[in-house]
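Got the model open in your viewer? Keep the selection box handy and follow along, one stop at a time.

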Amino acid sequence: MASATPKNLVGDPIIIDESISKFNPDIIEKGDIVGIGITTGNCIPGYRVLKKAKEKGATVIMGGIHSTIFPDEPCEMGADSVITGNGDIAWGVAVKDALERKLSPQYTGGRVPAGQLLEARWDLLDPTKYMFASVQTVVGCPENCSFCSVWVTEGRRPRLRLTDKIIKEVNALYQMGFRYIIFADDNFNPATIGRIAREESPAKRRELEQIRKERLEFFEEYSKAVPKDMYAFTQMTVEVVSDPEYLKAMYEKMRVRAALIGVESFSEEGLKAIHKTWNPIGQKMVETIRQIQDQGIFVLSSIICGLETDTVGMIRTMREFAKNSGTLLAQFTLYSPYPGTVDFFEMMQDKKSGTQKHKARILYDKFWLDPKKPAVLIEHPSINSETLLQEVRNNWNSFYSLKEVVKRARAQNWPLAGKIWFILGSLGFKSLYGGHGLASDSVKEKKMTLIPRTLMKLAINFYNARFRKKSSSC
């Protein structure tokens, strides 16, 4: 949104990243324009900022996933305007209208065409506060997983950002000293051979074939234009193993070294419940994870605990599968039907009409506005909330015990500095995300205690000292 801000009218914006530092309302003056982006999981702190900004006399415009799904709510909470969808074009229009005192209550950003998606303004942030910068290369996802809102808000037709814009952005980050970046794509491999093969529509198949061709061409251009010591992490599906050429190019051309993969469940029942039956099951998933890691791409396995088909035994089995797979990292997320997902819509319909499409029952209306809301949002058909939470904690504690973390570090052919950084990062990751995991639908405010805060600071300082490099031209 910093790139979308009309600099000729208001100059560069001041960016506040509340994961780094709290918003200080004293910097606000009457008449300032404040933009706030929120997800469902962090709308409470977002509305806190809204209230403080309004008290200072600011004009507040809200956007983000939650505002897109519930466009009326931010205005009911006091916002002057809401932008739904992508803000790459709409934000500039809204800022201009606010200056001219003709601000509309709502702007429809929609799904911005790929060529008009803007680059991030990392130059406005302190790079030493971050271990990784993020760059998006493709928007949208062709899947329809019932627990995910991405394909609902961003669409099922992948939009590929322009190659030259991506390369320019990555090279700028390299000049700032970054050597590791995150490709912040919800699905880095939207059109592999396996995905194309299971597409029923001939027209959609042709479209995916063209996307695959363009992706491989982009990989080639990126490899030529970006320094060889710029490495990346991303998010992808296990279907990448169906396409050896694509997987190899990810490693060699894009220099991807780690990826978050939605394992979700090791059981057939669980995958069927969430519309992800194309994922491998059980031991086949273990072998798939090993195959990806054998290629040189380490895996962060994302596993959902508490699907309505789960039992206590299944959750415990998933923990053992994760450890046996050799996956470098894992997260055990507590199942929560979030707004924008098929599951949320259907469960709310069940709640209102008394129907029973789902065995699980959603317990709370507008749970996102309750700061004291319980962690478990559903009545599970076979596991009580206390047991479910305990099993999720057990999974995190077992996988991230110091013994297991050191064991995984020792198994890698890394220098000592890399192993130390991995151990610190693993323990910090568990402290920050233990119990809920890392996901766009459920990002939330979390007050860090002394231990996780210290671990994260140590990891960042260690990273800056050993891995960050400044270009001689800076």
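Start by selecting Ala90, Trp91, Gly92, Ala94, Val95, Asp97 and Ala98, the buried residues of helix H5. Buried here means under 20% relative accessible area, with exposed over 50% and partly exposed in between (1.4 Å probe, protein chains only). H5 covers residues 90–99 and is mostly covered, with seven of its 10 residues buried. Helices (H or I, at least four residues) and strands (E, at least two) are DSSP runs, numbered from the N terminus.

A word on what you are looking at: this is a predicted model, where local features need pLDDT of at least 70 and side-chain atom pairs count only at pLDDT 80 or more, while totals for chains, interfaces and linings use all residues. Residues are numbered from 1 along each chain as its sequence is written, and side-chain values use heavy atoms, with hydrogens and water left out.

Now show what surrounds H5. Its buried residues pack against helix H1 (7–10) and strands S1 (33–37), S2 (59–63), S3 (81–85) and S4 (106–110). Just after the helix, click Arg101, which takes a positive phi of about 60°.

Next, colour those four strands. They form an open sheet in the order S1-S2-S3-S4, with parallel pairing; two strands pair if DSSP finds at least two bridges between them. S1 and S4 are the edge strands, each pairing on one side only. On average, neighbouring strands here are turned by 20° against each other, direction ignored. To see one bridge, pick Met62 and its partner in S3, Val82. Then add helix H2 (residues 43–55), which lies across S1 and S2 and runs at about 165° to S2. Such angles run from 0 to 180 degrees between N-to-C directions, with axes as lines fitted to C-alpha atoms, for helices over the stretch in contact; contact means heavy atoms within 4.5 Å.

Move on to the other sheet. Six strands form an open sheet in the order S5-S8-S9-S10-S11-S12, again with parallel pairing. S5 and S12 (329–334) stand at the edges with a single partner strand each, so one side of each has no neighbour in the sheet. Neighbouring strands in this sheet are turned by 25° against each other on average, direction ignored.

Zoom in on some pairs:

- S5 (residues 133–135) and S8 (residues 180–183) are joined by three bridges; select Val135 with its partner Phe183.
- S8 and S9 (residues 231–236) pair over three bridges, and Tyr180 stands opposite Tyr231.
- S11 (residues 298–305) and S12 pair over six bridges; try Ser301 with Ala330.

Across S11 and S12 lies helix H15 (residues 385–399), running at about 170° to S12.

Now for a loop. Select Glu239, between S9 and helix H10 (244–252). Is Glu239 buried or exposed? At 11% relative accessibility, it counts as buried. Leaving aside neighbours within four places in sequence, Glu239 is in contact with Glu143, Asn189, Thr192, Gly194, Arg195, Arg198 and Trp278.

Last stop: the largest cavity, with about 60 Å³ of space. A cavity is a set of points on a 1 Å grid over the protein atoms alone where a 1.4 Å probe fits but cannot get out, and lining residues have an atom within 4 Å of a point. Select its lining: Ala273, Ile274, Leu307, Glu308, Thr309, Tyr335, Asp343 and His358.

Methods. On a 1 Å grid over the protein atoms alone, a cavity is a set of points where a 1.4 Å probe fits but cannot get out, and a pocket is an open set with protein on both sides within 12 Å along at least five of seven lines; lining residues have an atom within 4 Å of a point. Grid points are joined across faces, edges and corners, and a volume is the space filled by probe spheres set on the points.
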